[in-house]
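The exercises below are to be worked with the sequence and the model side by side. Each task is followed by a solution that proceeds step by step.

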Amino acid sequence: MATRGHVQDPNDRRLRPIYDYLDNGNNKMAIQQADKLLKKHKDLHCAKDFILWKQNPILLVFLLAELVTKLYEAAVKKVPNSEEYHSHLFMAYARVGEYKKMQQAGMALYKIVPKNPYYFWSVMSLIMQSISARDENLSKTMFLPLAERMVEKMVKEDKIEAEAEVELYYMILERLGKYQEALDVIRGKLGDKLTSEIQSRENKCMAMYKKLSRWPECNALSRRLLLKNSDDWQFYLTYFDSVFRLIEEAWTPPAEGEHSLEGEVHCSAEDAVKFIEDRIMEASQNARHVRGPHLAKLELIRRLRSQGCNDEYKLGDPEELMFQYFKKFGDKPCCFTDLKVFVDLLPAAQCTQFINQLLGVVPLSTPTEDKLALPGDIRALQQHLCVVQLTRLLGLYHIMDKNQKLGVVRELMLRYQHGLEFGRSCLKTELQFSDYYCLLAVHVLTDIWREAGEETAVWQALTLLEEGLTHSPSNAQFKLLLVRIYCMLGAFEPVVDLYSSLDAKHIQHDTIGYLLTRYAASLGQYAAASQSCNFALRFFHSNQKDTSEYIIQAYKYGAFEKIPEFIAFRNRLNNSLHFAQVRTERMLLDLLLEANISTSLAESIKSMNLRPEEDDVPWEDLRDNRDLDVFFSWDPKDRNVSEEHKKLSLEEETMWLRIRTLTLRLISGLPNLTHPVEPKNSEKTSENGVSSRIDILRLLLQQLEVAVETGKRFIEKEIQYPFLGPVPTRMGRFFSSGCCQCLVRSFHLVNDVYELDTSGLEGTLDIQERIENGLAALLELLKGVFSTCKGELLEVKDGNVKTQPAVLENLVFFVETISIILWVSSYCESVLRPYKLNIQKKKKKKKETSIVMPPVFTSFQEYVTGLQTLISNVVDHIKGLEANLIALKLEELTLEDTSISPEERKFSKTVQGKVQSSYLHSLLEIGELLRKRLETTKKLKI
């Protein structure tokens with residue numbers, strides 16, 4: 001066999017440069033070299049050479065999939081009976097999603113080597129064609145029936161060998177809606193092969209019974225499975241669903257014979273009550289404590305109550321049942337999450353009594369005047385912690401006044417400090433047993449901050465979280481809350497390392513990445529923002545390659561049912577809202593940092609392959625993959641994140657994304673305008689069916705104005721999301737700062753200048769007047785934006801530290817807006833300068849003083865001078881903010897609260913120092929970028 005070191009082989013020598021390019025990461029040159037080689041040596045691909053390609057794993061890492069298919073196609077022609085080449089060709093097609101060719105390659109492989117897996121590769125490829133077919137009718141009438149016939153052929157010939165083949169048959173029948181046939185397959189002889197997963201056969205039967213609405217069978221099967229394992233929660237839910245369906249349908253068992261295919265059926269509330277009581281009795285005799293039957297009793301009470309039945313009283317009082325449950329399982333961390341679901345069964349008037357009842361059975365030390373009643377071991381601590389969590393969930397903390405809440409915070413922190421004693425032997429990767437006390441204290445402090453607007457509370461919250469993190473360096477909730485609060489205060493610097501330490505894995509870059517990227521571009525730390533966007537984009541860009549590898553492995557190991565899941569997963573990521581947002585913000589950020597500074601706007605846009613007429617956001621298929629429940633919450637339902645909040649947040653995010661993409665596309669259309677190709681006064685608007693460049697820009701501007709109006713109507717609703725829920729977009733600040741009006745006005749100016757360029761100076765006084773008014777209005781609007789940037793970022797008032805993160809966000813918007821306006825001004829200059837030069841030449845040539853210079857030129861020059869003055873003023877303002885921040889001696893700040901420990905005092909200084917340092921960093925980067933823009937302003941001359 002040839003190897004990479006086999007230099008005597010001339011083919012190996014030819015392939016060597018390609019490998020060198022691949023190893024050095026120069027993918028582009030590798031592709032070019034491979035193409036040259038294919039053109040020159042069409043018969044190159046003998047067996048030995050192909051093994052060379054296969055052996056280099058780097059080849060699979062980047063997008064050479066199309067080239068690989070060509071190579072293996074050539075190899076198969078050269079050696080038509082090679083099992084290896086045919087199988088590699090199949091996998092190469094799988095990488096590029098050529099399902100039709102996969103089907104053909106699978107059958108060709110089966111003919112050469114009649115092995116079942118190859119045959120079923122072809123069948124699965126038919127299913128993939130049905131999934132990818134846009135015409136659902138074609139899928140149901142052609143691809144799936146053909147796949148069904150292919151499998152039936154193997155069934156009739158008794159050639160079904162493996163579980164994967166039965167799974168595939170089941171999948172086909174299910175997709176065709178042949179649920180009865182699928183059920184027959186599972187219950188029949190072929191179903192015996194389903195052995196790799198516990199209860200695989202029963203779960204599939206249950207799924208088909210539900211599809212067929214065969215509730216007697218659902219009930220009997222779930223009842224039978226619960227008799228085997230009374231702790232399997234999913235079957236309790238199915239059991240209750242089926243019982244109440246049968247009650248609705250007034251179903252009665254037959255007079256003779258079995259109730260159903262699966263045996264005895266329970267079809268009344270009495271049956272269900274007795275069944276659950278029997279499971280509890282059975283569990284009480286079991287040495288192992290099981291939670292399922294006790295929770296099932298509460299679930300049944302809830303369902304009976306919702307049905308308006310009074311039978312729940314036969315099952316007992318929910319308060320007493322929960323109390324007994326707490327006595328049995330209160331020392332388990334799961335106790336709170338188990339009871340959380342059922343607290344709505346408690347009357348509001350009984351909540352305090354219920355909590356006191358629970359506290360009464362928690363073994364705590366005897367309290368004294370200066371000491372709390374504390375737990376003596378971890379079990380007692382866990383029980384008390386469960387009670388505290390339920391106290392918040394029942395809303396008892398929320399009805400307290402500020403002083404009572406602060407008292408709760410002090411108590412919780414004392415309990416936290418005491419609980420640390422039990423975790424002295426914990427590893428750094430383990431959480432402290434008392435961490436939840438600290439988290440709950442922080443939640444109470446954020447309540448005070450949000451409701452009363454008292455910043456002292458948020459500083460204390462940050463202090464407690466930073467302290468908690470030193471004891472539990474791996475506590476993700478501490479880090480997530482720090483990220484959220486620092487960002488809300490406008491401090492991005494400490495957040496980058498915190499997010500990095502979360503060590504987000506794979507899909508988490510999409511589900512929780514928004515916590516970082518939402519603030520990345522808005523707080524002025526451009527380098528860190530760029531890095532954050534790159535980090536997120538790397539994951540999305542690798543998605544296509546990674547899922548191709550998953551699909552190939554699924555084919556190899558016969559995990560056919562996973563393949564559609566992998567395809568759906570890939571599509572979900574490709575259509576991710578977060579992906580579209582990060583991609584758009586990254587491009588805007590790149591333009592902001594580079595266009596007309598290190599490279600021209602035209603070059604920057606070209607390098608990004610941006611075209612104003614192309615919109616690559618899949619608006620109809622956008623998926624919101626954000627995990628909006630990532631924060632632990634003990635809030636009552638009415639204060640928690642609701643489905644309505646999530647829906648409104650998605651609506652807001654989509655509106656803001658539309659505004660941002662339209663902004664990007666409008667900017668990308670500027671370099672194309674230059675001088676129009678249409679003749680003077682031409683009404684021609686299209687050429688070869690393609691809209692003219694200005695028409696595209698006008699359409700985009702119109703769409704932007706519609707998007708802005710829609711956005712304004714949404715912002716007027718003044719929606720308040722819960723603190724632990726979705727974060728509002730930057731849209732509200734975009735409108736209130738005046739940047740929105742500047743953006744729209746600047747592109748109306750582009751349209752006016754284009755009209756002037758098309759029509760010429762003569763007879764266009766109205767257009768020139770519009771341009772003059774537009775320039776003056778734009779300058780005034782910009783001054784208005786600057787006025788929103790005034791105020792101190794950080795100041796000390798009455799011994800308390802106050803922040804104004806809005807100043808920072810408005811400054812960032814100002815820099816972005818001024819950059820866009822300078823690109824627009826550059827276009828205006830490119831149009832006006834030739835006209836002015838022309839007039840000056842005529843003056844010199846004819847030596848006439850009667851030729852009057854139109855006032856539009858003077859207006860533009862005055863506008864440019866005004867821009868320079870304004871930007872200089874903003875630069876000076878930023879310097880003033882920096883000086884004030886540096887002069888602010890936070891370490892000398894004396895905290896009024898004497899109850900704060902020296903340890904907390906130390907962390908308080910750390911927190912304030914981090915925010916101060918972050919603000920300085922932001923101002924330095926904003927100031928630096930603004931100075932560069934000031935330099936480009938000085939080049940605007942006509």
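**Exercise 1.** Locate Ser 230 in the chain of this predicted model, decide whether Ser 230 is buried or exposed, and list which residues Ser 230 touches beyond four places away in sequence.

*Solution.* Begin with the secondary structure: Ser 230 sits in the loop that runs between helix H12 (215–228) and helix H13 (233–249). Next, take the accessibility of Ser 230, whose relative accessible area is 10%; because the limit for a buried residue is under 20%, Ser 230 is classed as buried. Finally, leaving out residues up to four places away in sequence, the residues touched by Ser 230 are Tyr 236, Arg 279, Glu 282, Val 290, Gly 292 and Pro 293.

**Exercise 2.** Determine how helices H4 and H5 are oriented to each other, and describe which residues make their contact.

*Solution.* The axes of helix H4 (residues 65–78) and H5 are 9 Å apart, and the two helices pack at an angle of about 155°. Since angles over 145 degrees count as roughly antiparallel, H4 and H5 are therefore roughly antiparallel to each other, and their crossing is left-handed. On the side of H4, the contact is made by Ala 65, Glu 66, Val 68, Thr 69, Tyr 72, Glu 73, Ala 75 and Val 76, while H5 contributes Tyr 85, His 86, His 88, Leu 89, Ala 92, Tyr 93, Arg 95 and Val 96. Sorted by class, the residues of this contact are 10 nonpolar, 3 polar and 3 charged.

**Exercise 3.** Carry out the analysis of orientation for helices H31 and H32, and give the composition of their contact.

*Solution.* The axes of helix H31 (residues 643–673) and helix H32 (residues 693–715) come within 9 Å of each other and cross at roughly 155°, which makes H31 roughly antiparallel to H32. The handedness of this crossing of H31 and H32 is left-handed. The contact of H31 with H32 comprises 15 nonpolar, 6 polar and 5 charged residues.

**Exercise 4.** Examine the salt bridges of Lys 115 and of Glu 299, stating for each where the partners lie and how accessible they are.

*Solution.* In the salt bridge of Lys 115 with Glu 83, the closest N and O atoms are 3.1 Å apart. This pair links distant parts of the chain, with Lys 115 in the loop between helix H6 (99–112) and helix H7 (116–132) and Glu 83 in helix H5 (residues 83–96), 32 residues apart. Lys 115 has 40% relative accessibility and counts as partly exposed, and Glu 83, at 26%, is partly exposed as well.

Turning to Glu 299, its salt bridge with Arg 303 has its closest N and O atoms 2.9 Å apart. Because Glu 299 and Arg 303 are 4 residues apart in helix H15 (residues 292–306), they are separated by about one helical turn. Glu 299 counts as buried at 8% relative accessibility, and Arg 303 counts as buried at 17%. Salt bridges that share partners join Asp 241, Glu 299, Arg 302, Arg 303 and Asp 344 into one network.

**Exercise 5.** Place these details in the context of the chain: how many helices and strands are there, and what percentage of the residues is buried?

*Solution.* The chain has 38 helices and 4 strands, and buried residues make up 53% of its 942 residues. Among contacts with a separation of 6 or more, residues 24 or more positions apart account for 73%. The count of salt bridges comes to 49.

Technical notes
Residues are numbered from 1 along each chain as its sequence is written. This is a predicted model: local features need pLDDT of at least 70, side-chain atom pairs count only at pLDDT 80 or more; totals for chains, interfaces and linings use all residues. Side-chain values use heavy atoms; hydrogens and water are left out. Axes are lines fitted to C-alpha atoms, for helices over the stretch in contact, and angles run from 0 to 180 degrees between N-to-C directions. Angles under 35 degrees count as roughly parallel, over 145 as roughly antiparallel, 65 to 115 as roughly perpendicular and the rest as oblique. A crossing is left-handed if the near helix is turned anticlockwise from the far one by less than a right angle, and right-handed if clockwise. Ala, Val, Leu, Ile, Met, Phe, Trp, Tyr, Cys and Pro count as nonpolar, Asp, Glu, Lys and Arg as charged, and the others, Gly among them, as polar. A salt bridge is a side-chain nitrogen of Lys or Arg within 4 Å of a carboxyl oxygen of Asp or Glu. Buried means under 20% relative accessible area, exposed over 50%, partly exposed in between (1.4 Å probe, protein chains only). Contact means heavy atoms within 4.5 Å.
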